[in-house]
Amino acid sequence: MSDLSDLSQVSGDELNPVQIRGILNQIDLDITNLVRDGKLAAINYAVAGDSGVTTNRAANLQALLTARQYYQSLLNDLPAFQVSQASLD
């Protein structure tokens with residue numbers, strides 16, 4: 001799939017709580033795998049791509065924690081309860 005040049009062809013709906021929890025679970029898994037891989041020292045490695053960017057585990061951990069905080073805030077901002085009406089026939 002090629003990269004998009006703009007967002008005009010992209011659409012979507014707001015994330016629901018189940019989807020947000022799924023994203024949080026994936027982030028938690030990524031964090032766990034990152035820290036289980038050994039020391040959190042700045043062990044540099046190359047990221048594949050044309051830019052030749054490098055990063056380190058500490059930077060990746062910070063990015064994951066920032067993303068987790070964002071998605072957790074989305075979940076926290078949802079209504080705390082849902083009201084439904086049942087028929088008593």
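This passage describes the confidence of a predicted model, its salt bridge and a nonpolar surface patch.

The mean pLDDT of the protein is 79, and 76% of the residues reach 70 or more. Confidence varies among the elements. Helix H2, which covers residues 57–76, has the highest mean pLDDT, at 90, whereas strand S1, formed by residues 45–46, has the lowest, at 50. Over residues 40–44, pLDDT stays under 50. For residues 40–44 the model has 10 contacts beyond four places in sequence. Where pLDDT is low, predicted coordinates should not be read in detail.

One salt bridge is present in the structure. The salt bridge is formed by Arg68 and Asp28, whose closest N and O atoms are 2.5 Å apart. The pair links distant parts of the chain, as Arg68 belongs to helix H2 and Asp28 to helix H1, with the two positions 40 residues apart in sequence numbering. Side chains of opposite charge can pair when their charged atoms come close. Arg68 counts as partly exposed, because its relative accessibility is 23% and the range for this class runs from 20% to 50%. Asp28, with a relative accessibility of 28%, likewise counts as partly exposed.

A nonpolar patch lies on the surface and consists of Leu4, Leu7 and Val10. Together these residues have about 330 Å² of accessible area. Within the patch, Leu7 is located in the segment before helix H1, the helix of residues 17–36. The relative accessible area of Leu7 is 65%, so Leu7 is classed as exposed, the cut-off for this class being over 50%.

Methods:
Residues numbered from 1 in each chain as written. Predicted model: local features only at pLDDT ≥ 70, side-chain atom pairs only at ≥ 80, totals over all residues. Heavy atoms only, no water. pLDDT = per-residue confidence, 0-100. Helix = DSSP H or I, 4+ residues; strand = E, 2+ residues; numbered from the N terminus. Contact = heavy atoms within 4.5 Å. Patch = residues over 30% accessible without salt bridge, like charges linked within 9 Å, V, L, I, M, F, W, Y side chains within 5 Å. Areas by Shrake-Rupley, 256 points an atom, 1.4 Å probe, with all protein chains shown as cover. Salt bridge = Lys/Arg side-chain N within 4 Å of Asp/Glu carboxyl O. Buried < 20%, exposed > 50% of the residue type's maximum accessible area, 1.4 Å probe, protein only.
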